[in-house]
Every structure is written in C-alpha cells, then in structure tokens.
Amino acid sequence: MFPRFITKTIHAYLDYPVAVGLVAMPFLFGLGQTAPLAFWLSVVTGIAAFGMTLLTDHQLGVFRVLPYGLHLLVDGVVGVVFVVAPLVLGFSGLDFWYYLVLGLTVLAVVGLHQPEEQSAPA
C-alpha cells in the first residue's frame with residue numbers, strides 16, 4: 001500500500017493554484033483545437049473549484065460550509081470525469097493528453113490523501 005502523505009493542510013494549499021491553473025491553462029496551451037468543450041471543461045471546472053475551495057471547511061476556506069469529505073468526493077468525481085472525457089468526447093492531441101494526465105493526477109492526490117484521525121469520544 002502506498003503511503004498517504006497529502007494532508008488536509010497540503011490539500012488546502014493546492015486548491016487555489018490548481019483552480020487558477022484550470023482556468024488559465026486552456027488559454028496558455030490553446031486547448032479546444034479538437035473540440036470547443038476541451039477548452040471550456042477546464043475553465044468551468046476551475047471556476048467551480050475556486051468557489052468550492054472558498055466554501056470548504058479547511059484552513060483556507062473562507063466560508064467553511066462544505067464538509068472536507070464532500071470536497072474530496074467532488075475532487076474524485078472530477079478526476080474520473082477528466083480521465084473519461086477525452087475518450088468519450090473524442091478529444092485528441094494535446095486536448096486528450098491534458099485531460100488524461102490531469103485526471104490521473106487528481107485521482108492520485110485524492111488517493112494519497114491522509115485520513116484524518118478521529119478523536120475518541122470522552
């Protein structure tokens with residue numbers, strides 16, 4: 001079994017730059033050459049990720065109304081969608097590899113998340 005070393009704190013510090021990257025990278029890399037959805041999927045996901053991070057109950061959450069476990073679940077779903085999307089939607093070239101690599105990376109981060117220790121009832 002792989003060591004789980006990505007803590008809630010590390011994850012919190014990754015969230016904002018990843019969200020900004022998801023919005024910026026389609027412009028920087030010229031995504032959408034094979035399908036316009038390849039461009040917009042990342043941009044919309046980045047905007048949603050930024051909003052979700054603002055609302056997540058972790059160190060850098062501003063409003064802290066969403067449970068961290070829900071945040072992780074959504075991240076996992078995004079990872080699966082990013083892996084499946086290029087196959088189902090017929091992306092090719094850079095569009096294909098962008099989503100495949102990014103999806104696998106998101107799944108790795110979620111999979112390497114260190115479970116929080118449950119405090120024992122008093």
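Is R64 buried, partly exposed or exposed? Before getting there, keep in mind that what you're looking at is a predicted model. R64 has a relative accessibility of 42%, so it counts as partly exposed. You'll find R64 in the loop that links α2 (36-55) to α3 (68-89). Check its backbone while you're there: phi sits near 50°, a positive value in a residue that isn't glycine.

Now zoom out. The protein has 4 helices and 0 strands, and reading along the sequence gives you α-α-α-α. Put a box around the C-alpha atoms along the principal axes and you get roughly 60 × 35 × 20 Å. Of the 122 residues, 38% are buried. As for how the chain meets itself, take the contacts between residues at least 6 apart in sequence: 63% of those join residues at least 24 apart.

Next, the pairing of α1 and α2. Two packed helices are described by the angle between their axes and the distance between those axes. Here the axes of α1 (residues 8-29) and α2 come within 8 Å and cross at roughly 160°. Angles over 145 degrees count as roughly antiparallel, and α1 and α2 are therefore roughly antiparallel to each other. The crossing of α1 past α2 is left-handed. On the α1 side, the contact is made by D15, Y16, A19, L22, V23, P26 and F27. From α2 come F39, S42, V43, T45, G46, I47, A49, F50, T53 and L54. Sorted by class, the α1 contact with α2 has 12 nonpolar, 4 polar and 1 charged residues.

One of those α2 residues deserves a closer look: T53. Its relative accessible area is 2%, so T53 is buried. What does its side chain do there? A polar atom of the T53 side chain lies 2.8 Å from the backbone oxygen of A49. Leaving aside neighbours within four places in sequence, T53 is in contact with D15, Y16, H58, L60, G61 and H71. Two of these, D15 and Y16, also belong to the α1 side of the helix contact.

Finally, follow the chain past α4 (93-111) and you reach P115, in the segment after that helix. P115 is at 49% relative accessibility, so it counts as partly exposed. For a sense of where P115 lies, use V88 as a reference: the two are 27 residues apart along the chain, and their C-alpha atoms are separated by 32 Å.

Terms used: Residues are numbered from 1 along each chain as its sequence is written. This is a predicted model: local features need pLDDT of at least 70, side-chain atom pairs count only at pLDDT 80 or more; totals for chains, interfaces and linings use all residues. Side-chain values use heavy atoms; hydrogens and water are left out. Helices (H or I, at least four residues) and strands (E, at least two) are DSSP runs, numbered from the N terminus. Buried means under 20% relative accessible area, exposed over 50%, partly exposed in between (1.4 Å probe, protein chains only). A polar contact is a pair of N or O atoms within 3.5 Å; within protein, one must be able to donate a hydrogen and the other to accept it, and residues adjacent in sequence count only if both atoms are side-chain atoms. Contact means heavy atoms within 4.5 Å. Axes are lines fitted to C-alpha atoms, for helices over the stretch in contact, and angles run from 0 to 180 degrees between N-to-C directions. Angles under 35 degrees count as roughly parallel, over 145 as roughly antiparallel, 65 to 115 as roughly perpendicular and the rest as oblique. A crossing is left-handed if the near helix is turned anticlockwise from the far one by less than a right angle, and right-handed if clockwise. Ala, Val, Leu, Ile, Met, Phe, Trp, Tyr, Cys and Pro count as nonpolar, Asp, Glu, Lys and Arg as charged, and the others, Gly among them, as polar.
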